[in-house]
Every structure is written in structure tokens, then in C-alpha cells.
Amino acid sequence: MNFKHKYVFLFPGLFVLIGILIFPIIFTIRLSLSGWNSYTPEMNFIGITNYIRLFTDDPRFWESFFRLSFLSVTTVVLQYIIGFALALIVWREIKFKRFFRVIFLIPMMTTPVIMTVIWRTFFHESLGPVNDLLGNLGVEPILWLSDPVIAKFTVIIVEVWQWTPFMFLLLLAGLLSLPKEPFLAAAIDGASSIRKFVYVTFPLMAPISIGAIIIRLIEASKIMDTVFVLTSGGPGTATETSSFYIYIKGLREFQMGYAATLSFTYLVIMIISLTIIAKVLTKLMIKE
Amino acid sequence: MNLIGENITYKPDDQFHLNDVSFNFKKGNLYTILGRTLSGKTTFLKTIAGLLNPDSGNLSFEDNDFIKIPVWERNVAMVYQQFINYPHLNVYENIIFPLKQRKISEDQIKKDVEESLKTVGLVGFENRKIQELSGGQQQRVALARSLAKKAKILLLDEPLVNLDYKLREQLREEFKRIFTQGLSEDTILIYSTTDPQEVMELNGEVIVLDEGKVLQKGPAKEIFENPRTLKVAEISNDPPMNILKGTKSSEKLSFENILINSPSHFKNLSDQSYNFGIRASEIKLDNQGEEFEIELAEISGSETLLHLKKGDSKVIALIEEVMNFKIHEKVKIKFNENKLYAFNKNEELVSSPYGVYNG
Amino acid sequence: MKTIKTYVVALISALLVLSPVAYADKWSDQFPHIKATGDIPGDCSYDAMSKKNYKGKTLKINTHAVPVMGEPTALHAEQFAKLTGAKVDVTHTPAGDLYAKAMVPFQAGQAPYDIVFGFSNFINDWKRYLEPVPKKYVEMKQMQDVTPSHIGIASWDGVMYQFPVDGDRHYLKYRKDVIDNPEYQKKYKADTGKELRVPQTWKEYGEMAAYFNGWDWDGDGEKEYGSAEVMKKDDLMYAAFYSRSAAYSKNPKTPGGFFFDLKTMKPLINNPGFVEALTDWVAATKYVPPGGINFGLGDEIGSFGGGQTLFSFSWDDAFVAAMQPDSPINNKVGAAQLPGAMKVWNRSTNSWDEGFNQAPFFVWGWAVGVAKKSKEKEMAFDYLCFFANEANHQADIGIGRFGVNPFRNDDFKADVWTQIGWDKDIAQSYVDTLAQMEDSKNRVFPLRVPGTFEFNAALATAAAKALAGQLSPQAALDEAAKQWEDILNRVGKDNVRAAYSVGVAMEDNKL
Amino acid sequence: MEYTMAKIELSNISHTYNPNDNNPTYALNPFSMTWENGKRYAILGPSGCGKTTMLNIVSGLVRPSKGNILFDENDVTDLITEERNIAQVFQFPVIYNTMTVYDNLAFPLRCRNFTTQKIEERVKSVSDTLRLSSFLNSPARKLTADQKQLISLGRGLVREDVAGVLMDEPLTVIDPDLKFRLRRNLKEINEQYKTTLVYVTHDQNEAMTFADNIIVMDQGQIVQVGLPKELFEKPRTTFVGYFIGSPAMNLFNSEIFSDNSIKFNNDTIKTKTDLSKIKDKNVKLGIRSEFIKIATDQKENIVRVKVTRVEDFGNFKLITGKAGDLEIKSKVEREIPISTEELKLHLPAEKCCIYSNEMLVN
């Protein structure tokens with residue numbers, strides 16, 4: 001057969017790919033080389049000026065990036081641990097299994113922004129119920145949203161609450177798809193539950209875990225609405241993340257060109273770091 | 001008007017899948033490709049079907065350059081190892097599937113399907129779901145679909161390998177009947193297998209393939225009786241032909257402390273060392289024979305395969321009966337020297353009980 | 001003949017003026033919003049609008065979320081539709097997105113909205129895409145009542161681009177029931193040796209706030225705190241900072257710029273005046289309610305309006321909300337000008353000028369314009385004119401959550417407010433405060449230059465870092481000043497200077 | 001080495017998935033059976049015949065509807081798998097991927113808190129037998145499929161207390177070349193350790209090669225238990241005759257002629273079976289094609305056939321002939337020339353099996 005035919009079949013896919021993937025990226029790159037902002041709204045060409053500015057004169061971006069790394073890694077690790085634990089609980093033959101599954105999924109069905117508003121009310125230092133309750137127990141008000149350190153953890157709490165169910169669902173699906181034999185074999189070998197987990201469940205779940213963690217990391221690295229609603233990046237810049245910072249630059253200050261520079265740089269960094277993370281995870285969890 | 005391949009080479013990633021393969025297939029004939037796993041059989045069939053493009057060489061059919069013709073225009077049908085059917089369709093729909101795309105009248109389609117169902121022995125199964133069929137029946141549906149298509153080239157890639165042995169036995173017999181009765185004079189049938197028994201039973205023209213290279217071509221009987229090389233001798237026998245290193249000197253053959261008379265067909269051989277070959281079926285239990293130790297007695301079908309050992313030599317003997325042996329038991333065996341083969345140092349056949357083939 | 005005609009007109013007019021009740025009945029029955037006043041005759045009154053016919057036409061408006069400005073926009077849209085037969089589509093957008101929502105299509109040469117709401121400091125970026133308010137409206141009686149400072153805010157170099165619908169300024173709100181309470185005055189004097197009075201300076205403000213912080217001084221069983229302020233970054237905090245800075249940095253002896261030195265275009269925000277203000281502000285984090293460092297405007301209004309703090313300063317909204325009948329501190333609040341300072345920085349002599357100094361800050365407020373590309377400009381201006389007509393305006397300014405605040409001379413009369421239930425002395429202190437600000441010759445106007453957002457955001461970020469303890473006030477403002485230099489370089493000093501000079505001229509009383 | 005192997009007894013076992021029905025359908029019809037210490041058993045049958053159910057009953061994954069399982073006289077019917085001292089090898093090799101071969105083999109002993117010294121001793125012994133000694137420190141996941149399967153087996157063997165090792169089609173995923181090695185290993189292990197091995201398969205070659213005792217099952221019923229040779233030569237039912245051997249046993253409809261002979265087409269065939277007690281005159285004659293030879297000088301039990309087909313299989317020739325309506329197959333040596341269209345075939349009396357109602361008459 002003439003193999004030139006096969007390229008004909010590739011065209012529609014290629015076309016769509018260019019349309020939905022390549023074009024926006026190319027546009028972003030072009031925009032990042034322009035000085036488009038509120039007072040010069042045009043696609044002029046200013047070379048790599050924006051990039052120079054980013055790499056020499058924008059510590060705030062890099063701070064927000066490291067903050068983001070901390071937030072996303074911490075939330076995902078917590079989500080993974082809690083999600084896995086919940087999945088293990090529900091996976092077992094326990095009563096009201098269905099009921100618990102539904103309960104665990106409730107956060108996922110809520111609208112994140114609305115829930116965050118509710119959380120903000122919860123954690124309101126002087127008017128919220130959390131400090132009220134603590135006050136009844138004689139605890140001084142905790143500055144959930146206005147202490148630079150605690151605020152980070154408040155963001156983490158909300159994120160974990162919101163997204164653990166997703167992790168739970170992925171991991172539960174994984175658990176349910178595992179073959180029975182290894183567990184039987186371990187039972188026959190006389191393994192305790194801890195041994196079963198360490199040597200059977202966890203290794204078998206490793207590929208699924210890596211997938212779930214990476215998916216969540218990608219999602220978590222875009223963390224924005226929670227920060228936006230909960231703290232607006234404050235106090236100071238204590239909870240500002242990359243995407244929130246890019247949003248400020250782009251849609252608040254209307255520095256489109258510079259925001260594109262940030263976006264593109266961010267994209268490149270994310271691709272590189274997620275690739276590395278995936279590799280490292282694979283190495284750690286699936287021994288080759 | 002034949003299917004002709006010339007010097008076909010397919011070599012992805014610098015590894016030969018096909019190495020300088022040439023052939024000339026005539027219509028109305030059955031060709032079997034015999035080779036072990038990964039010998040290039042599937043690549044061979046795929047190349048003819050048009051699923052692969054060779055790196056070099058020519059392929060022509062009915063005087064057309066086949067390589068230029070895309071797969072869907074080649075009028076080729078293929079049956080695979082896996083029973084490939086459309087699981088959402090019933091038997092009838094599965095069979096008419098390739099016909100639908102052609103402009104054939106309803107009546108003709110009906111006739112063709114009926115005919116092919118009759119051929120494969122599935123009349124009355126028209127409305128069955130694919131999942132309700134056994135593996136053998138599924139493979140028959142696949143074959144029926146290929147037959148109904150009335151392709152000029154019909155390719156079967158180890159169609160029986162995934163069936164359990166009873167079904168394989170049944171279907172092998174049926175395939176043979178179909179191939180001898182149900183095929184038109186216009187069709188070229190190419191069948192690939194690893195099983196020498198299948199090759200013998202189908203009794204067509206054989207191509208022995210190994211590491212992408214054609215080792216020998218010829219009628220099944222010829223391959224069996226005069227394997228031109230030691231490799232062919234191994235591939236074309238199940239169990240593989242026993243090979244024993246030994247020497248001939250003064251009308252005696254010696255190997256591993258065993259001394260036997262040189263058979264008459266060896267009389268022209270010079271005195272030197274050879275690889276002697278003997279089929280498992282030519283080794284018999286005999287109280288007068290040499291003592292060997294049993295490594296394992298395998299029972300296959302109605303046969304007992306004795307894996308025997310003496311010193312460094314290992315042979316397999318085939319007993320046409322089911323017998324009980326224990327591991328490490330000692331048995332005495334005798335070689336039928338009249339059925340010995342001799343291969344020289346280059347592993348080429350120099351003497352055969354059937355006279356050296358010189359074709 | 002001419003005389004007779006004039007008389008007839010005068011007579012009819014007089015009849016109209018003298019019979020508001022009859023009119024009020026007719027329109028206020030239909031529109032309960034204006035029940036208190038009824039329709040008030042004017043070019044854009046209910047009556048005038050009912051004579052227009054915009055049937056089959058559609059007016060598209062982008063406004064803020066409900067309630068602030070979003071609610072009156074929608075309400076008046078509904079009324080306008082009923083009166084004229086027009087179809088009015090109102091889109092509600094969060095404050096942070098108002099700019100971009102209009103700007104993106106503007107830059108792309110489109111006008112998905114006929115009317116765009118925003119803030120008055122958008123004017124410099126938006127003005128090229130906005131239709132100047134036609135002469136007909138500028139000369140209208142309704143417009144002549146608008147104070148000169150608000151005409152100035154709505155205009156650029158003498159051309160009005162934004163239709164005045166709101167007047168905004170920062171001033172001080174305090175708990176009258178505490179400050180005027182003789183017992184607390186005695187107690188305060190005994191404990192601190194100082195007078196408890198309406199704070200005259202930021203230092204006094206801080207001392208009193210700290211004194212009344214963290215204990216239950218109104219006997220409701222809950223703790224109260226010193227002050228509620230907008231400290232949340234990227235909300236409106238920089239406005240709060242400018243308010244706190246004005247007294248320290250706006251020196252009547254050194255005209256030619258508050259934010260920049262107009263001559264050199266050197267940023268002034270890290271001079272000792274601003275640093276002093278920021279130092280005060282960092283100290284303020286100690287007397288705000290828990291979490292007060294993250295208060296946005298809504299939190300501030302809720303906190304002070306809910307009776308949680310002694311002081312607050314910023315827009316009118318909090319005051320008006322506190323004075324509404326359903327408020328827990330209704331008629332317990334007082335208004336005063338922003339505190340002053342006992343010294344002010346003199347950038348010419350590079351030293352402090354001792355002595356009392358006070359400078360009101362005319363912070364920007366809601367502003368609205370008509371898109372140049374709009375196909376329904378006449379209808380759009382009619383709508384805006386109707387929005388701000390006397391009847392609607394008077395009804396709107398009394399509703400705290402509407403965010404519509406005084407900007408007309410008529411608004412500065414105490415009976416406007418006593419009518420809606422305010423105590424007489426409170427109403428008087430309120431209108432006096434506003435009037436004094438209008439009369440002041442040492443005022444600060446908002447920064448309206450290209451890159452305003454970047455300047456304000458840079459300052460806010462730096463100030464937020466100082467409030468959060470990440471940087472010292474000096475270091476934070478140095479960082480902001482450096483960023484301002486960068487922004488200046490990117491935008492072009494001359495561009496900024498040209499724009500800034502318009503505002504400076506207002507500040508220096510030259511317009 | 002001391003082994004405490006157990007005899008496994010299945011007493012009056014039956015199993016149904018609908019025990020409360022008036023007419024329960026049995027996945028396993030009632031049966032009793034004893035598995036001797038140290039023997040090799042294969043449970044053979046087509047898929048769905050109940051062989052896996054039987055295995056699961058022994059391993060404790062399925063509790064039988066009726067009957068008891070005894071390990072060395074102890075009733076274990078109600079014990080769960082973990083408490084039964086059973087080892088099981090599954091279709092797919094189960095290994096602990098994160099561990100070395102050594103740790104894999106040591107795992108069951110570590111779980112039971114054996115001393116390091118004892119563990120080392122046992123692992124060494126087992127790995128020697130399984131020829132895994134040189135891999136002990138390699139990660140288990142790097143081994144080939146058959147080696148992995150040996151590890152699964154080894155984990156059963158390291159425990160001295162195992163009553164038996166149950167294997168459920170353990171060679172399914174093993175490469176054909178490696179199957180040979182593994183079969184041999186299994187046999188050797190059995191001889192060395194005297195562990196009872198139970199092997200479930202649908203492949204008669206595997207069963208016959210592996211086991212001393214083959215339990216042939218069909219439709220929830222045990223149809224025959226015996227040595228491979230017995231199954232081959234004296235199939236208890238026509239199903240076994242068909243299922244065991246290739247080609248299947250020749251089966252002909254016949255009539256009883258006398259107390260020891262039957263009528264076959266027009267000929268009379270003598271048998272070694274006492275036919276006097278059979279009431280139904282219609283019987284079936286079964287004989288393996290391996291035992292039917294071309295007659296030379298025999299006088300009795302000769303059948304004349306018309307040759308319809310001669311197939312050359314290389315190792316042998318298969319002659320298909322017709323005697324009246326009856327088709328008869330004979331496996332003969334390849335070298336014998338078949339020239340004539342008519343042949344005389346000899347059916348040795350001692351190889352003739354008579355089936356009445358599909359059951360062998362003894």
C-alpha cells in the first residue's frame with residue numbers, strides 16, 4: 001500500500017490539534033513579546049523585554065511560584081493520604097458502604113467558589129463560627145486568614161476538603177480494579193493488614209497513584225479561585241499563587257503582554273517540573 | 001497472473017523481519033508458511049495483505065504492482081490468531097459485513113452467506129450472538145466472513161493456535177476439508193503455522209521461514225523427508241528432530257559411548273564427524289538397547305514423549321501410547337538406524353533415508 | 001406678548017412646583033422607590049421620560065454586582081423600560097473585572113455594552129472609547145447642582161466623559177455614643193490624661209482606638225475593637241493608605257504633585273510623610289478586629305456597621321448603612337473629616353513643617369460612561385440622566401447598600417437626611433463634613449494616569465507586605481517607589497506627566 | 001526434614017448456588033474423595049465443569065452447601081483460607097514486586113515470626129530445589145514468568161505446615177518452551193518434598209504429564225479418577241474416551257451378539273468383557289485408533305474397511321476407513337504402504353471397551 005495515504009487521515013486530527021492547542025500557545029508566545037497593556041493596546045514587538053523583566057526584576061512572581069509549589073505539593077500529598085485512607089475504608093466490606101461513598105463525594109458536587117465563600121465565613125476571625133467555637137473552649141481567636149503562615153494552611157484545608165473526594169474516587173476505582181489473587185496469596189502467606197498494605201495494596205496501586213497525583217498536581221497548580229475568594233492572596237502576598245499573580249497582572253492591571261510572558265514561562269516550568277515529578281514518582285513508587 | 005514476491009526485505013529498527021524473501025504463488029493452491037514464533041510469518045502475511053510496506057523488493061499480483069495498491073483495494077481476506085469478530089453483531093451480520101461495502105445484490109449476498117455458513121458448518125447459527133459461541137465457532141465465523149468475501153487471496157495467520165487441543169483437532173480436520181472442497185480455483189490460500197503436523201496434514205506447498213529468511217521451499221512431504229538443513233529438520237518436526245554429535249568410522253557410528261552400525265544409505269559418507277539426526281518416533285523402547293535416564297515423561301494427545309538423557313546427550317522419544325513413567329527412571333531404547341539423517345559441520349543435509357533432495 | 005408668555009410659563013411652572021403631591025401620587029404609586037419625594041420635575045424626571053418612546057430598542061448595560069451600584073442600575077433600568085418601552089439588558093460583573101470587561105472589547109473595537117460602569121479613575125484609559133456627555137446634558141439644571149470637584153472628577157481637561165451618578169470621598173466615622181459619653185470621657189482622661197473627643201490627628205485616632213480595643217464597651221456581651229479599615233490587598237486598600245497619608249504629605253506650601261513631583265516625575269510615596277502614615281497603619285493592625293488585616297470594604301462596612309468598632313474611615317457607604325433604621329447603631333454614629341497631623345512633610349526643604357495639617361481625599365467613586373461605538377447613545381444618556389434625576393438620587397442616597405453618595409449641593413442640606421430619620425445633629429455633622437471637604441483648598445485627588453492600576457497595585461502590594469510584617473514601612477515604600485520608577489519607564493514619563501498634570505491642576509485649585 | 005503433611009478428605013461434598021430451591025442445580029454433584037499425602041492430583045475438565053469450585057472448596061474460598069473437608073481428620077469446613085494451611089498458585093504469577101526473590105520466599109515465614117536463621121535455612125532449601133538460588137538477591141519482578149510462578153510455588157513450599165499446594169491452571173501464561181521446565185520442576189519438587197499437589201487444568205496434556213491421579217470432571221460430576229494410562233485405555237465413559245487422546249476414541253454403535261462378543265457391521269468382534277448381565281442389547285464399542293492395526297495373520301476380530309482417506313502426519317499415518325456406515329480410524333506407522341482400497345483391520349479383544357448407556361461395562 002502507498003503509505004502516503006495515512007497522512008491524509010492525519011489531517012483532520014492535526015487540524016483540530018493546531019486549532020485548539022498550538023494556536024493559543026503560539027498566540028501567547030507572540031503576545032508575550034509585545035507590550036500590550038491598557039495604555040498601548042497593540043501587538044507591538046518589543047523583543048524579550050518582558051522576559052528580561054521577569055527574570056531580573058520580578059521577585060514576586062518567583063515567590064508566588066515557590067509558594068504555589070508548597071501549596072500544591074502539600075495539598076496533593078494530604079489529599080492522597082486522606083483519599084487513600086477513605087478509599088480503603090469504603091473498599092472494605094463495611095456496612096452502609098454506599099452511604100459513605102455518597103457522603104465522601106459531597107464536597108466534589110459543590111461549587112468551589114460558593115464553598116470557598118462559606119469557608120471564608122467559617123474562618124472569619126471575629127464573626128465566623130470556628131473562632132466562636134474555639135472561644136467557647138477558651139482558645140484565643142486564631143487568625144485563619146490574616147496570619148501569613150496560618151492563612152496558607154487555611155487555603156490548604158479548603159483545597160483538601162474540596163478535592164480529596166476526587167482523589168478518593170480515582171483511588172477507589174483503582175482499588176476496585178485490582179486483581180483478587182495477590183490479596184488471596186498474601187492472606188495465604190499469613191500477612192497482617194499492614195504487611196498487606198505495604199507489599200500488596202500500595203505497590204499495586206502505584207501506577208494509579210502516580211496518575212492520580214499528577215492529575216491533581218496539574219489541577220492544584222492552577223489553584224486560584226480558592227485563594228481569590230478566601231484571602232485574595234493576602235495578608236500581604238502570603239497566599240498569592242502563580243495563577244493568581246498572572247490574573248492580577250493580566251486582568252487587573254491589564255498588562256496583557258507581560259501576563260502572557262508569565263503564562264508562557266509558567267507553562268514551560270510546569271511542563272518541566274511535572275515531567276520530573278512524574279519520573280521521580282515512578283522511580284520511588286514503581287521500582288524498575 | 002500469479003502472486004509474485006521478489007527479494008522482499010522488511011527491516012524496521014535494523015532488525016530483519018523479512019530478509020530477501022522471494023516466492024511465486026499460483027492460483028488454486030495452498031501454501032503453508034512454517035516457522036517458529038517471531039520467525040516472520042505474520043510479517044509475511046501482513047506484507048501481502050498490505051498492512052505493512054516492505055523496505056525493498058517487489059510484490060505483484062495479476063501483473064499489477066501490489067505495493068502501490070492500498071490495503072482496501074487488494075481483495076485480500078485475513079483470519080487472525082485471535083478470533084476477530086464484531087461482538088455487537090450476530091453471526092449473519094458478521095459475515096455480511098464486508099459484503100455490505102460492495103455493490104452486490106441482496107440475493108447474491110444471501111446466497112454467499114448461506115454457502116459460506118454451510119462450508120464452515122454453522123448453518124442454523126445465523127442469529128447467535130458472538131459471545132454465545134465457543135472459540136472454535138468464533139474462529140469459524142471469522143473464516144466464513146473471509147470466505148464470503150470471495151477474496152482472491154485468503155490469509156490465515158495461525159488460526160488454530162488459541163484454541164484448546166480438542167477444538168484444534170476438530171477444526172484442523174474441518175479446515176482441511178474446506179480447503180480441498182470449498183475453495184475456488186481462483187483463490188490463493190496462504191496459511192501460517194508453527195505446527196509441523198498441521199503442515200503435513202494440509203499437505204500443500206511449504207515455505208520454511210526462520211529469522212525472516214526462507215530456509216526451504218517445497219511440498220510438505222519433501223520438507224519432512226529431506227530437510228535441507230539442520231534448522232529445517234528441527235522446525236519441521238514436533239518434537240524437534242533429535243540431533244546427536246558423533247562420528248562415522250569404518251561402517252560404525254559412534255556417539256556418547258554408543259556404537260551402532262552405519263545404515264546402508266550412509267555408505268557414501270566419508271569417515272568424519274557429523275550431526276546425526278533422528279526423529280523422536282524412530283526411537284523405540286527396546287530391552288536390548290542403550291540405557292537412558294528419564295527426565296520427564298510428557299503425555300500429549302495419545303503419545304508419550306520421553307525426555308531422555310545420557311551423559312551430555314539429550315533425546316526425545318515418542319511412544320504412540322499413553323504410558324506411566326517416573327522421573328529419573330532408567331529405560332532402554334534403540335535407534336532405528338535406517339531413519340538416521342546426517343548433517344555436515346555446516347549443518348547441511350548430506351544424507352537422508354529418503355535420498356538427498358537436490359531440487 | 002413675550003412677557004405674557006413668560007408669565008404663563010412661570011405660572012404653569014409654579015403650579016407644577018407647588019403641586020408635587022399630585023405628581024407624587026401619579027408616579028410614586030407606580031414606582032414606590034420614590035414614595036418619599038414623588039417625581040421631581042426636571043429634564044429627566046419620570047414625567048419627562050414617560051414621553052419618550054424607545055419601543056423596540058435595546059439598551060445594554062454592564063454594571064457592578066448587586067447590591068452596590070448593581071441594584072440601583074437594575075432598578076432604574078426596570079423603571080426606564082417601563083416608562084419608555086425600551087428593553088434594557090443589565091449585566092452584573094464583579095468589581096475586579098469591570099475594567100477588563102469593558103476594556104477588552106474596547107480595544108478590539110467593539111461595543112457589546114452601550115453603558116459601562118466603572119470607577120472614576122478608569123477615565124484616563126477609557127476616555128478614548130467613551131462618548132463625551134453631550135452639551136444638552138451638561139447644561140441641564142440637574143447637572144448644574146453637581147459640585148465642581150465632582151464635575152472635575154468626571155471630566156478630563158474640561159471634557160466630561162463620565163456621567164456623574166455618585167460622589168465619593170473618604171471621611172471619618174466614629175461612635176458618638178462612646179466619644180460623647182461623659183463617663184468614658186472621664187475614664188479616658190483618668191487613664192491616659194488626654195481628652196476623649198473626635199480625633200483631630202491620626203495619632204489621637206490611634207490612641208483612642210487602642211484604648212477601646214478588645215473589650216466590651218457597649219455592654220452587648222461581645223468584645224468591641226478600635227478600628228475597621230480596608231487592609232486587604234488588591235481590594236481598595238491603597239485608597240485607605242492615601243487617606244491616611246494625605247495629612248502627612250499634602251503640604252499646601254509645596255504644590256506640584258502629591259504622588260509625583262510633577263517637575264521631575266520622581267515618585268514621592270517613599271518620603272517621610274508616607275512612611276509616617278504607613279508606620280501609623282502598621283500600628284493599626286493591633287487595634288483592628290481579629291482578621292481585620294484581611295478586611296475588604298464589605299468587611300469594613302459589616303464590622304463598623306455591625307457595631308464592632310469605634311472608628312472607621314472610607315466611603316460614605318458605611319456611614320449611611322450605619323444610619324439606616326434597621327442598623328444596631330442607628331443614630332449612634334458621627335461623621336468628621338479625616339484626622340489631620342501635627343506635622344507635614346515639606347519636600348522643598350526636606351524637613352517637617354510643624355503645625356496642624358488636614359487634607360481631604362477625594363477618592364474615586366462609581367463612574368459611568370457611554371461607549372463611543374454604541375448605536376443607542378441618545379437612549380443611553382437618557383437612561384443615565386434618568387438614573388441621576390432628583391427623585392431617584394434622593395431616594396438612592398438614603399440606601400446604604402446602593403453605594404450612591406452625595407455629589408450635589410442640594411445633598412449637603414441637613415433636612416435631606418433628617419427626612420429619612422437621622423438625628424438632626426448627626427445630619428448636620430454629616431453635611432458639614434461633606435461641605436467642608438468641598439470647600440477645602442488643600443485636597444488630594446485620585447491618581448488618574450496611564451498605568452494607574454499598576455501604580456496602585458504596586459503600592460498596595462508593598463503596603464500589604466508592611467501590614468503583614470513582611471517588610472518595614474520604609475523598605476516597603478522604597479520597593480513601591482522603585483516599582484513606580486519601573487512603571488514610569490515603561491509607560492513613559494511624559495505620558496504620565498501629561499495626565500497627572502490634569503489632576504495636579506485640580507489639587508492646586510487651578511481649575 | 002520433618003514434614004507434617006496432611007491427608008485431605010472431601011466427604012459427601014456437594015455444592016449448589018441455589019440451595020433453597022426444591023430442585024437445586026448442582027455446580028458440584030455429591031461426591032467423596034481422599035487425597036493422599038504427597039501425591040500429585042490433577043482435576044481435568046472442560047471449562048464450567050466444576051473444577052474450580054472444587055479447588056475453591058478445598059482452599060476455603062467457597063463453603064460447600066453440604067459435606068465436610070478434613071485435613072488429617074480435622075474438620076476445616078468452617079475455617080477461612082488463612083487458617084487452613086493451604087498454599088495456592090494462581091493462573092498469573094503472584095509475587096511481591098517490591099521485594100527480592102529472597103524476601104518473597106521468606107515472606108510467609110516472616111509473617112509467622114520465624115527466626116532469621118530458620119528462615120534462611122528454609123529459603124535456601126526451597127530455592128535450591130526451584131533453581132532460584134542464583135537469583136535470590138535480584139528483584140523478583142525482573143524474573144521471567146515461569147520463574148515468577150516458581151516463586152509463587154516456593155512461598156507455599158517454605159512453610160512446613162502446608163497441607164497441600166493448590167494450583168489453578170498455573171501454566172496458562174507460561175511460554176510453551178518454559179512449560180516443559182516448569183512441569184519437570186513441579187514433579188521433582190513433589191518427589192523431594194512429598195507435598196500434596198493439586199492441579200486444575202482443562203488441558204489433558206498438562207494433566208496427564210503432571211499427575212499420578214487424574215480426576216476427570218464433566219458437568220459438575222466426577223466421571224473418572226485414575227492414572228493417565230487407565231484413562232487412555234479404559235475410559236469410564238464415552239466422554240472420557242472422546243476427551244482424552246488425539247484422535248478421540250473410535251466409538252461405534254453395536255449390538256450384543258453373545259456373552260462376550262458383539263456385532264460390528266457384518267463382523268463379530270470378541271471382547272474380554274462379560275456382557276451377559278446387560279439388558280439393553282444396544283451398546284457402543286470403543287477402541288483407540290492406536291490399537292487398531294492392519295491385520296496380518298490374525299483370524300479373529302477382523303474388520304474389512306474401504307479406505308477413504310490416508311493422512312501423513314509425519315510421525316504416523318492416520319487411515320480413515322468405512323465399514324458400512326461406520327467410520328473407523330487407525331493410526332499406523334508412517335512407513336507402511338497403503339496401496340489397496342480395501343484393508344483388513346484387526347481390533348484386539350483386550351483393547352475393546354463396551355459402553356452401555358455411555359458407561360463402561362466392566
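Okay, let's start inside chain C: C:Tyr99 is buried, and C:Phe453 is buried too. Before I go on, keep in mind that this is a predicted model. Those two rings form an aromatic pair, edge-to-face, with 4.3 Å centre to centre and 65° between the planes. What I like here is where the partners come from. C:Tyr99 sits in helix α5, residues 95–107 of chain C, while C:Phe453 belongs to helix α21, residues 452–467. That puts them 354 residues apart, so the pair links distant parts of the chain.

Staying with aromatics for a moment: how many aromatic pairs does the structure hold over all chains? The count is 99. Another of them is in chain A, where A:Phe197 and A:Phe202 make a tilted pair, 6.0 Å centre to centre with 45° between the planes. Are those two rings buried, partly exposed or exposed? A:Phe197 has a relative accessible area of 29%, so it counts as partly exposed. A:Phe202 comes out at 27%, and is therefore partly exposed as well.

Back in chain C, there's also an aromatic cluster. Its members include C:Tyr238, C:Phe241, C:Tyr242, C:Trp281, C:Trp484 and C:Tyr500.

Right, on to the interface of chain B and chain D. The contact takes 38 residues from chain B and 36 residues from chain D. Between them the two chains bury about 3300 Å², and 48% of that is on carbon and sulfur atoms.

What about charges? Between chain B and chain D the count is 10 salt bridges. One of the salt bridges joins the side chains of B:Lys339 and D:Glu335, at 3.4 Å from N to O. Across this interface there are also 16 residue pairs in polar contact.

So which parts of chain B touch chain D? Among the elements that each supply at least two residues are α5 (165–181), α6 (196–202) and α7 (220–225), along with the strands β15 (283–300) and β16 (303–310). By type, the residues on that side of chain B divide into 13 nonpolar, nine polar and 16 charged.

Last stop, one residue on the other side: D:Ser246. You'll find D:Ser246 in the loop between α8 (238–243) and β11 (250–256) of chain D. Its side chain makes a polar contact of 2.8 Å with the side chain of B:Glu169. Leaving aside neighbours within four places in sequence, D:Ser246 is in contact with B:Tyr165, B:Glu169, B:Gly301 and B:Ser302 from chain B, plus D:Glu290 and D:Lys331 from chain D.

Note on methods: Residues numbered from 1 in each chain as written. Chains lettered and ligands numbered in written order. Predicted model: local features only at pLDDT ≥ 70, side-chain atom pairs only at ≥ 80, totals over all residues. Heavy atoms only, no water. Contact = heavy atoms within 4.5 Å. Buried area = accessible area lost by both parts, 1.4 Å probe. Salt bridge = Lys/Arg side-chain N within 4 Å of Asp/Glu carboxyl O. Polar contact = N/O pair within 3.5 Å; in protein donor to acceptor, adjacent residues only side chain to side chain. Helix = DSSP H or I, 4+ residues; strand = E, 2+ residues; numbered from the N terminus. Nonpolar A, V, L, I, M, F, W, Y, C, P; charged D, E, K, R; others polar. Phe/Tyr/Trp six-rings, centres within 6.5 Å; stacked < 30°, edge-to-face > 60°. Buried < 20%, exposed > 50% of the residue type's maximum accessible area, 1.4 Å probe, protein only.
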